[in-house]
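Got the model open in your viewer? Let's walk through it one selection at a time.

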Amino acid sequence: IEITVFDGNLDPNLQVTLIQDVIASGQYDGMITQPVFGPALVDVVRQAIDAGLTVVNVDQILGDDFTTSATQVDGLAANVVFVPSDLGTKLGEQVVAACATQNLDPCNVAFLHDVKASAIGVALYDAFNAVIEGTPVTIVAEGETFYNPAAAQTAVSDILTANADIDLIATSDQGLQGAVAAIEAAGGALSDYLMVGYGGSVWSQQRVSEGVVYANVLQVPATEGRLAMEAMVDALRNGVNQGDVDPFAGLPGGGVITIENASVFTGEWAG
């Protein structure tokens, strides 16, 4: 098996062009897609399938419904994804639980989006808000990280300067790294803030085990990649389509890292 990597550079329009190039070349038997923006790729992926390519989708939703892991493009050999709304739901549940441990009412939360306007970000945030509705959890400040710890540090620094009553910070692992840096740079104590995140990196697993982060919702990029390639090989060699594949099946704690179970998890990316 020979693999050629095409870099969409976080540009969905470029991804469409690259897939068109793959189809036109006639050089490939299969294609694994990792969408930047799922709806943008639906038509061109259908063209690839019609052209005879075996297609496996990995990580991001290929389609316009970000609340389901079910295949949205007929003819895929496999679909191995995480669901943004599930991530938001679990994040919200852990935030509510963290606030309850301190009997905080209200529990003032700073929420850091990664890319606020993205379809993934919107689905995650909507699910998060659905969980916290009717609870003491109140979002009093928002920021944006762009998956960059340095940007997150600036955002958290600004938030904490403007809001002396923040109880909890909720964001991705990159956001939490920035939050920790901002708190330490200001001479504050990490123990003064509850923190809940998502990503499941080596960094977050360690921080949860230390009690610095209350909980972290796992993501499994290496597992997704392995399952996607196994599905591609099975489809090409054996003609077997695996359909929807759940990369989170069997994870302890429903895929949520807590101080009680942190030792059983291994982060799949450094963070």
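Start with the open sheet of 4 strands, which has parallel pairing and the order 1-2-3-9. This is a predicted model, so read everything on this tour as a prediction. Select residues 30-33 and 243-245: these are strand 1 and strand 9, the two edges of the sheet. Each has a single partner strand, so one side of each is left without a neighbour in the sheet. Look along the sheet and you should see a twist that averages 20 degrees from one strand to the next.

Now bring up residues 221-238. That's helix 8, which packs on the sheet and touches strand 1, strand 2, strand 3 (78-81) and strand 9. The direction of helix 8 makes about 170 degrees with that of strand 2.

Next, zoom in on strand 1 and residues 54-59, which are strand 2: the two pair in the parallel sense over 4 bridges. Which residue stands opposite methionine 31 in strand 2? Click across from methionine 31 and you land on valine 55.

Stay in strand 2 and select asparagine 57. Is asparagine 57 buried or exposed? With a relative accessible area of 0%, asparagine 57 is buried. Show the residues around asparagine 57: leaving out those up to four places away in sequence, it touches Thr33, Gln34, Pro35, Leu62, Leu76, Ala78, Asn79, Val80 and Val81. Try a distance label from asparagine 57 to threonine 33: their C-alpha atoms are separated by 4.8 Å, though the two are 24 residues apart along the chain.

Go back to helix 8 and pick threonine 223. Threonine 223 counts as buried, at 15% relative accessibility. Setting aside residues up to four places away in sequence, threonine 223 touches Pro247 and Glu268.

Then select phenylalanine 248 and lysine 90 together. The charged end of lysine 90 sits over the ring of phenylalanine 248, 6.0 Å from its centre.

Time for the other sheet. This one is open too, with 6 strands in the order 5-4-6-7-8-10 and mixed pairing. Colour 137-144 and 256-258 to mark the edge strands, strand 5 and strand 10, each of which pairs on one side only. Neighbouring strands here are turned by 20 degrees against each other on average, ignoring direction.

Inside this sheet, select 168-172 (strand 6) and 194-199 (strand 7), which run parallel and are joined by 5 bridges. Threonine 171 stands opposite glycine 197 in strand 7. Add residues 173-185 to the view: this is helix 6, lying across strand 6, strand 7 and strand 8. Helix 6 runs at about 140 degrees to strand 6.

Now for some rings. The structure holds 3 aromatic pairs. Show the side chains of phenylalanine 111 and tyrosine 125: this pair is tilted, at 4.8 Å centre to centre with 55 degrees between the planes. Phenylalanine 111 lies in strand 4 (residues 107-113) and tyrosine 125 in helix 4 (residues 119-132), so the pair ties together parts that are 14 residues apart in sequence. Phenylalanine 111 is buried, with a relative accessible area of 2%, and tyrosine 125 is buried as well, at 15%. Switch on Phe128 and you have a cluster, with ring pairs linking Phe111, Tyr125 and Phe128.

While you're showing side chains, select the cysteines. How many disulfides does the structure hold? There is 1, and it joins cysteine 99 to cysteine 107, with 2.0 Å from S to S. The link is left-handed, with -65 degrees about the S-S bond. Both ends are out of sight on a surface view: cysteine 99 counts as buried at 3% relative accessibility, and cysteine 107 counts as buried at 0%.

Last stop: tyrosine 214, in the loop between helix 7 (202-210) and strand 8 (215-218). With a relative accessible area of 29%, tyrosine 214 is partly exposed. Leaving out residues up to four places away in sequence, the contacts of tyrosine 214 include Gln94, Ala98, Met195, Val208 and Ile257. Alanine 97 is also one of the residues tyrosine 214 touches. The C-alpha atoms of tyrosine 214 and alanine 97 are separated by 9.3 Å, and the two lie 117 residues apart along the chain.

Terms used:
Residues are numbered from 1 along each chain as its sequence is written. This is a predicted model: local features need pLDDT of at least 70, side-chain atom pairs count only at pLDDT 80 or more; totals for chains, interfaces and linings use all residues. Side-chain values use heavy atoms; hydrogens and water are left out. Two strands pair if DSSP finds at least two bridges between them. Axes are lines fitted to C-alpha atoms, for helices over the stretch in contact, and angles run from 0 to 180 degrees between N-to-C directions. Contact means heavy atoms within 4.5 Å. Rings of Phe, Tyr and Trp (its six-membered ring) pair if their centres lie within 6.5 Å; planes under 30 degrees apart count as stacked, over 60 as edge-to-face and the rest as tilted. Buried means under 20% relative accessible area, exposed over 50%, partly exposed in between (1.4 Å probe, protein chains only). A charge sits over a ring if NZ of Lys or CZ of Arg is within 6 Å of the ring centre and within 35 degrees of the ring normal. A disulfide is a pair of cysteine sulfur atoms within 2.5 Å.
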